[in-house]
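Trainee: Got a minute? I have a new model open and want to talk it through.
Mentor: Sure, put it up.

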Amino acid sequence: MTYKVIFIDWFNTLSSSLFYDNCGEDDLCGYFRKHTFQDNEEMLEAWLVGKKSRVDVVSAFARNKSEQKKALSLLKKSCENMTFDRETYLPLIQKIRKKGVKVVIATDNMDVFTDYVVPALKLRNYFDEIISSNILGCQKMDIENGKLIFFDSFLKNNKISYSEALVIDDSFQTSISCQKCGLPVWPVKKAEDVEYILRKLAEEI
């Protein structure tokens, strides 16, 4: 295998941690999660591509300033408490990087990921780059003129071709877009899949 970069998804790939989870107030977090991700669904895509902020989304359902402040506080806390699904991931990723292969988090995600999760988990210490849809203004599945615009800037800046990259992702839509554009993709469904791939890459690259 002659990969120069491995793009690996965050949610449901490296981590299945949820927003408004593991923050100590289950009933209230469940209430906020429902209003944020179910009742407010029409705002989610705009939030994913940076057209809305966490304050915009929470303000859409919060009944007063106190509830808004509490919702934002618990959202931040849940982000800071996120974890990797397996402790083996980071050592395997470091082994891959030591062989000269870049490993990049490539995620369709919101401002809370880049503002809270990344610094809390010190992700920049373990990955060569972190690419998120809220910063780029597009999602991984987006195609323009036969190109995957989410990945293109990083690949061009590092002089890497599609054939020299690999995407590890749980999203069916992302996999289809990658296949259409000739960007190698390895779909995953569970933690065992992710560990198998990382171990295989760490051993064979």
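**Core, fold and odd spots**

Mentor: Start inside. This is a predicted model, and its largest nonpolar core has 51 residues. Those with the most contacts inside that core are Trp 10, Leu 14, Phe 84, Leu 123, Phe 127, Ile 168 and Leu 198.

Trainee: Which helix gives the most to this core?
Mentor: Helix α10, residues 191-204. It supplies 6 residues.

Trainee: Pick Ile 168. What is Ile 168 in contact with, leaving aside neighbours within four places in sequence?
Mentor: One group is Ile 6, Phe 7, Ile 8, Asp 9 and Thr 13. The others are Trp 186, Val 188, Ile 197, Leu 198 and Leu 201.

Trainee: And what does the second core include?
Mentor: That core is separate and has 19 residues. Among them are Ile 131, Leu 148, Ile 160 and Ala 165.

Trainee: Zoom out. How many helices and strands are there?
Mentor: The chain has 10 helices and 7 strands. Its radius of gyration is 18 Å, close to the 17 Å that the globule rule gives for 205 residues, so the chain is as compact as a globular protein of that length.

Trainee: What box do the C-alpha atoms fill?
Mentor: Roughly 55 × 40 × 25 Å, along the principal axes.

Trainee: What share of the residues is buried?
Mentor: Buried residues are 48% of the 205. The accessible surface of the chain is about 10,300 Å². Carbon and sulfur atoms account for 47% of that surface.

Trainee: What about contacts across the sequence?
Mentor: Take contacts between residues at least 6 apart in sequence. Of those, 68% join residues at least 24 apart.

Trainee: Now charges. How far apart are the mean positions of the positive and negative ones?
Mentor: They are 5 Å apart. The chain has 29 positive and 30 negative charges.

Trainee: New topic: loops. Where does Ser 15 lie?
Mentor: In the loop between β1 (5-8) and α1 (26-37).

Trainee: Is Ser 15 buried or exposed, and why?
Mentor: Ser 15 counts as buried, because its relative accessibility is 0%. The cut-off for buried is under 20%. Leaving aside neighbours within four places in sequence, Ser 15 is in contact with Trp 10, Thr 83 and Asp 85. Trp 10 is also one of the residues with the most contacts inside the largest core.

Trainee: What is odd about the phi of Tyr 20?
Mentor: It is positive, about 60°, although Tyr 20 is not a glycine. Most residues other than glycine have a negative phi. Tyr 20 is in the loop between β1 and α1. At 0% relative accessibility, Tyr 20 counts as buried.

Trainee: What about the phi of Lys 159?
Mentor: Lys 159 has a positive phi of about 55°, and it is not a glycine either. Lys 159 sits in the loop between α8 (149-157) and β6 (165-169). Lys 159 is exposed, with a relative accessible area of 72%, whereas Tyr 20 is buried.

Trainee: Last one, Arg 33. What is Arg 33 in contact with, leaving aside neighbours within four places in sequence?
Mentor: Phe 19, Tyr 20, Asp 21 and Gln 38. So Tyr 20 turns up again there. Arg 33 lies in helix α1 and counts as partly exposed, at 26% relative accessibility.

Trainee: How far is Arg 33 from Ile 205 in space?
Mentor: They are 41 Å apart, C-alpha to C-alpha. In sequence, 172 residues separate them.

Technical notes
Residues numbered from 1 in each chain as written. Predicted model: local features only at pLDDT ≥ 70, side-chain atom pairs only at ≥ 80, totals over all residues. Heavy atoms only, no water. Helix = DSSP H or I, 4+ residues; strand = E, 2+ residues; numbered from the N terminus. Rg over C-alpha atoms; globule rule 2.2 N^0.38 Å. Buried < 20%, exposed > 50% of the residue type's maximum accessible area, 1.4 Å probe, protein only. Contact = heavy atoms within 4.5 Å. Areas by Shrake-Rupley, 256 points an atom, 1.4 Å probe, with all protein chains shown as cover. Lys, Arg positive; Asp, Glu negative; His and termini not counted. Charge placed at Lys NZ, Arg CZ, Asp CG, Glu CD. Core = buried A, V, L, I, M, F, W, Y, C linked by side-chain atoms within 4.5 Å.
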